[in-house]
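Please take the sequence and the structure together, and follow the explanation below with both in view.

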Amino acid sequence: MPADTVAQQACKAADGHRLAGSLDRAKKLYESVKASDGDQQCAVDGLRLVAEARQDAAELVTAGQLMIRSGGLAAAEDKFAAALRLDAASAAAAAGIARVSDLKSRPLPTAVSNSDRFYRDWALPLGRLVVVAAVGMLVLYALAGVCSRWLVKVDAVAWPAWVRRTMGSVGAFLLFAAAVMAPLFAMFSPFAPTWTQCWVGALVIGLVGVGAAALVLWAARGDEWRRWRALLLSLDIIMLAGILAVLLSSALSYDVRLMFVYITLTVIGVLLTAAALGQNLRLQVEVQQSDGSVNASSSDYLLARMKGLGTETPQSLRKSTSTPGTTPLSQIPVEELSALPAGKIVGTLTRLFFALRPDLTWRARVTLVDDNRIAISLSRNGQQAASTVFSRPDLHLPKEDQERAKAQMLTGAAAFILVQLSAVHEELQDGLYGASQWRSVALQVIASSKSLLADNEARDATKVQLLAKAVDEDPQNELALFEYLWASYGLQPHEETDFGGFARAIDAQYHRCEISKVSDDREGWMPLKIRILYSSATQWVNGYIDAGGTDEGRATMLVSARESADELNRLCDPSKVAWKGKELCHQQAAMRPHARNLVECFNALQETTEAGQVTAQHSHEEPHTSPRLAYDHACTHMLIARRRNLSEEARRQQMEYTIQDLQYAIVTERDKKEAQGDPCFTELRSDPRFQRLVSTPQARRRKRLRTGTL
């Protein structure tokens, strides 16, 4: 029988140490076998058996620790002893046996000992776990905020909201898992790493990485994906490196491979969270004096303007505005806005806090240079995004007192910020009605806001001039176009207005603009669309009445009015169109009775309707009637009274309803002037009650002079 080779002799000696549990000694002997000693296969097999023995011993230790927690001390001792037989140098197994011996030597458990044991074995470790996990989560979250300025370019268009939420949710879950699993595994060793866990981890890396990259490519439409090259390249490199390290590094233990899975998923979580945070709409505004001190009142005003830009339009249903609601420009949710507080210490601490706050994406700083100029700076993720100077003389704004001038400049700052945000947050564009130039938006808002222009005789003319300049600055600003149209007709005396021409101008402008083509789901456009349709319908009705019986186009006017009213009635009917926005729902509810009243108007104007079918309700029979709605009901009652097939008694009753409605609706001198020139009340102008209602102080003074009374 041939003698054993040197390799075989070394392997036999190593096998003996391995079976005796001396795995370190066995490993050294296996590794000492050289190619010159003979066949090395026995050494390769031996090293594999050593690794398996270590793995089996680690699994037995984990099982023993779990049995200690459940109270099975004898079974736990058997597990630790078996682990020592496999690996005599296992410190964890030796510690486990010592732990079992200590527990066995203790007296029978009492309430106090059980309480101490619960605190020591559960409450204290879990508390430490929560603290370490919370600190880890904060560190990873802050790291994601720092990375956002590198991954998200200042002019990168934000992804759709559901993509951002998906990316942010997946990233936050990975960060949470990373923050929890690191201390959990180190403190409790819930499982021993195996090959199955490693390849499952590699599969998760691939699915998350490929899914994230696919979402980025889908969200970044057209050439926009080039702005996300850093994110895409980082995801690809991290994903491939992690998968290769886990699956192809046979020399690495399962513990190390699983650590690569953990690191890779953590880095992917940081990248996804950074990309989502860097596209937030959250904005902080700060207004400071020229010396750098924070102006708290101006900051609050700018904050309010950012949310309510455009909502301070005229709110009466006049012949030029023809709407009971407003036309908001800003679609920014109020929870996305914040202001920097005043005070040196508080302001400094707040700046530090917000500098470390990763989800605060946008910061706007407005500096009041002097009484006519402000400087505006806007940053995204800590990088300069845009800046400009607002100068009142450059926009040809009229001279105002200091406070009103400041309000105009802050309104311009709000317009600049809103337009800049809309360039990357496309969901804001619908609320701008096609505008893309901030000066046009600023001029339109200033001209349409009651508080931003002095209330004097030149106010209306100034308003038209500013609106004309707003249209010149940006002809695509459809709100400015219609405001200019309404304001220019508003300069004409009511009794001289060509209502038919006014209605034709409104419809012509409407059909030329994009607003006539937008679908109902683009809710940002709907406030203006409702205003236009109401204005069109009412002016067509006024034109129809004012034309008398000589105009051959009266039938066409009525058809046009009916088309506008039907579309308005559809938009204001919640059973046909269900809006999502709260403010739009409020406007829909406010406009619903006006739309229904228009239907009553058309029923009254249709000569084919029988007299007995006229069922217009007196406005005071309805609860919570507004003065404007009462005025509309007064017009409807007069239209009914004009019908030829109506009895004299019914006609007098309708005129009585008209007077009652006007007594409630006519409040201001402007209301009186409007009623005097309204063609609906032509037959009432000789009625003494109507004359008293619409009589102005000037008219009463002239009458007293004519009659010689005081």
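Where is the place of Val200? In this predicted model, Val200 lies in helix H8. With a relative accessibility of 34%, Val200 counts as partly exposed, because that class takes in the values between under 20%, which is buried, and over 50%, which is exposed.

Val200 belongs to a nonpolar patch on the surface, formed together with Trp195, Trp199, Leu203, Val204, Leu207, Leu244, Leu247, Leu248 and Tyr254, and these residues have together about 920 Å² of accessible area. Two elements, helix H8 (195–219) and helix H9 (229–247), give two or more residues each to the patch, and the largest share, six residues, comes from H8.

Towards the N terminus, the model offers a helix that can be followed from its length to its packing. Helix H1 covers residues 6–19, and because a rise of 1.5 Å a residue should make its 14 residues span 20 Å, the computed separation of its end C-alpha atoms, 20 Å, agrees with expectation. Its buried residues are Ala7, Ala10, Cys11, Ala14 and Arg18. Seen down the axis of H1, these buried residues fall within an arc of 100°, and they therefore line one face of the helix. The general reason for such a spacing is that an α-helix has 3.6 residues a turn, so residues three or four places apart point the same way.

The buried residues of H1 pack against helix H2 (23–32) and helix H3 (41–70), whereas Lys12 and Leu19, on the other side of H1, are exposed. Just after H1, Gly21 adopts a positive phi of about 95°.

Definitions and conventions
Residues are numbered from 1 along each chain as its sequence is written. This is a predicted model: local features need pLDDT of at least 70, side-chain atom pairs count only at pLDDT 80 or more; totals for chains, interfaces and linings use all residues. Side-chain values use heavy atoms; hydrogens and water are left out. Helices (H or I, at least four residues) and strands (E, at least two) are DSSP runs, numbered from the N terminus. The expected span of a helix is 1.5 Å times one less than its number of residues. Buried means under 20% relative accessible area, exposed over 50%, partly exposed in between (1.4 Å probe, protein chains only). The arc is that of the directions from the helix axis to the C-beta atoms. Contact means heavy atoms within 4.5 Å. Patches are made of residues with over 30% relative accessible area and no salt bridge: like charges are joined within 9 Å, nonpolar side chains (Val, Leu, Ile, Met, Phe, Trp, Tyr) within 5 Å. Accessible areas come from the Shrake-Rupley method with a 1.4 Å probe; for residues, only the protein chains shown count as cover. A salt bridge is a side-chain nitrogen of Lys or Arg within 4 Å of a carboxyl oxygen of Asp or Glu.
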